[in-house]
Amino acid sequence: TVVRAPNLEWRDTDLGALLPGDWPLTVDNEANFGALAELWLGAGTPREFLHVSAEIGIGAAIVVDGQLLRGTRGFAGELGHVPVRPDGPSCACGGRGCLEQYAGQEAVLRAAGLQPREDLVGLLAEHAEKGEEGVRAALRDAGTALGIALTGAVNLLDPETVVLGGALAGLSPWLLPSLEAELAGRTAGPACPVAVSPLGPEGPLLGAAHSVVRAVLDDPASVTKRA
Ligand SMILES: [Zn+2]
């Protein structure tokens, strides 16, 4: 059951009931699947890290000792709704000035003054590569907002590394400098390294696919019983 997904306007939606019942399918969010893909398929990924990914929203997943930290109510990792500017614009979650208002794809596109099209990341990267200052400034500001929000997470959890995945991976050349500067300047302990996911935007899909494959491999009898 999806309890709450502000960007989809879903509340208490029994998504599991809509899926075919013959396979060990699970419902999870993109950020968690992205982190699992990193853990299972990423080269040299540590067992304690924060995975941050973005599409319309921004999500994070916390991996501690090789396990996802889900929180008591399953809402751990909602980095997109960490306030960056408490008096900022209102957000679908009910709060104000959340990270998504500054570093979500649509927010960055608006700040960059670009018209949306199908592939938002490709569009932003294309214009940033051409050296368009307005687009680069929008990505720099998004990096700063990400750095501010991540500082809270890093100071609280002290992970081995932060991994940028999903759409953020493709924009990392323009996000990273301001993100790292913000993080390094605000972290209480030694600087936490920021890595870019080698899995790119397909990471969360790979995580979703592998979670089913793994469930079958862990208990092959469960499938033969159904067949
Ligand atoms: Zn919010």
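The structure holds 5 salt bridges, and the model in which they occur is a predicted one. One of these contacts joins Arg70 and Asp28, and this pair links distant parts of the chain, 42 residues apart. A zinc ion is coordinated by one histidine and three cysteines, namely His81, Cys91, Cys93 and Cys98, while the number of disulfides is 0.

**Salt bridges**

- The side chains of Arg70 and Asp28 meet with an N to O distance of 2.8 Å. Arg70 belongs to the loop between strand 5 (67-69) and helix 3 (100-103), and Asp28 to the loop between helix 1 and helix 2.
- Both partners of this bridge are partly exposed: Arg70 has a relative accessibility of 40%, and Asp28 has a relative accessible area of 24%.
- A salt bridge also forms between Arg47 and Asp65, whose closest N and O atoms are 3.9 Å apart. The pair again links distant parts of the chain, with Arg47 in the loop between helix 2 and strand 3 (49-54) and Asp65 in the loop between strand 4 (58-64) and strand 5, 18 residues apart.
- The N to O distance of 3.9 Å between Arg47 and Asp65 counts as a salt bridge because the cut-off is within 4 Å.
- Arg47 is partly exposed, at a relative accessible area of 49%.
- Glu126 and Arg117 are a further salt-bridged pair, with their side chains meeting at 3.4 Å, N to O. Glu126 is partly exposed at 36% relative accessibility, and Arg117 is likewise partly exposed at 37%.

**Zinc site**

- The donor atoms of the zinc ion are ND1 of His81 and the SG atoms of Cys91, Cys93 and Cys98, at 2.0 to 2.3 Å.
- The site is tetrahedral, with angles of 103 to 126° among the 4 donor atoms. For four tetrahedral donors the ideal angle at a metal is 109.5 degrees.
- Along the sequence, the donor residues follow the spacing H-x9-C-x1-C-x4-C.
- Cys91 and Cys98 are both buried, whereas Cys93 is partly exposed, with a relative accessible area of 21%. Cys93 falls outside the buried class because its 21% is not under the 20% limit.

**Other cysteine and disulfides**

- Cys192 is buried, at a relative accessible area of 9%.
- A disulfide is a covalent bond between the sulfur atoms of two cysteines; the structure holds 0 of them.

**Nonpolar surface patch**

- Leu19, Trp23, Leu25 and Val27 make up a nonpolar patch on the surface, and together they have about 330 Å² of accessible area.
- Val27 is located in the loop between helix 1 (15-18) and helix 2 (30-41). Its relative accessibility of 35% places Val27 in the partly exposed class.
- The loop between helix 1 and helix 2 that contains Val27 also contains Asp28, the salt-bridge partner of Arg70.

**Backbone conformation**

- Most residues other than glycine have a negative phi.
- Glu9 has a positive phi, near 55°, and is not a glycine. Glu9 sits in the loop between strand 1 (2-5) and strand 2 (10-13), and it is exposed, with a relative accessible area of 73%.
- Asp12 has a positive phi as well, of about 40°, although it is not a glycine. Asp12 lies in strand 2 and counts as exposed at 58% relative accessibility.

**Sequence separation and distance in space**

- Ala184 and Gly147 are 37 residues apart in sequence, and their C-alpha atoms are 8.7 Å apart in space. Ala184 is in helix 8 (residues 172-186) and is partly exposed, with a relative accessible area of 48%.
- Arg85 and Asn32 are 53 residues apart along the chain, and 26 Å separates their C-alpha atoms.
- Arg85 is in the loop between strand 5 and helix 3, the loop that also holds Arg70. Arg85 counts as partly exposed, at 41% relative accessibility.

Conventions
Residues are numbered from 1 along each chain as its sequence is written. This is a predicted model: local features need pLDDT of at least 70, side-chain atom pairs count only at pLDDT 80 or more; totals for chains, interfaces and linings use all residues. Side-chain values use heavy atoms; hydrogens and water are left out. A disulfide is a pair of cysteine sulfur atoms within 2.5 Å. Buried means under 20% relative accessible area, exposed over 50%, partly exposed in between (1.4 Å probe, protein chains only). Donors are N, O and S atoms within 2.8 Å of the metal (3.2 Å for Na, K and Ca); water is not among the atoms, so sites may look incomplete. Four donors count as tetrahedral if all angles lie between 85 and 135 degrees; four count as square planar and six as octahedral if opposite donors are over 155 degrees apart and all others between 65 and 115; anything else is irregular. Patches are made of residues with over 30% relative accessible area and no salt bridge: like charges are joined within 9 Å, nonpolar side chains (Val, Leu, Ile, Met, Phe, Trp, Tyr) within 5 Å. Accessible areas come from the Shrake-Rupley method with a 1.4 Å probe; for residues, only the protein chains shown count as cover. Helices (H or I, at least four residues) and strands (E, at least two) are DSSP runs, numbered from the N terminus.
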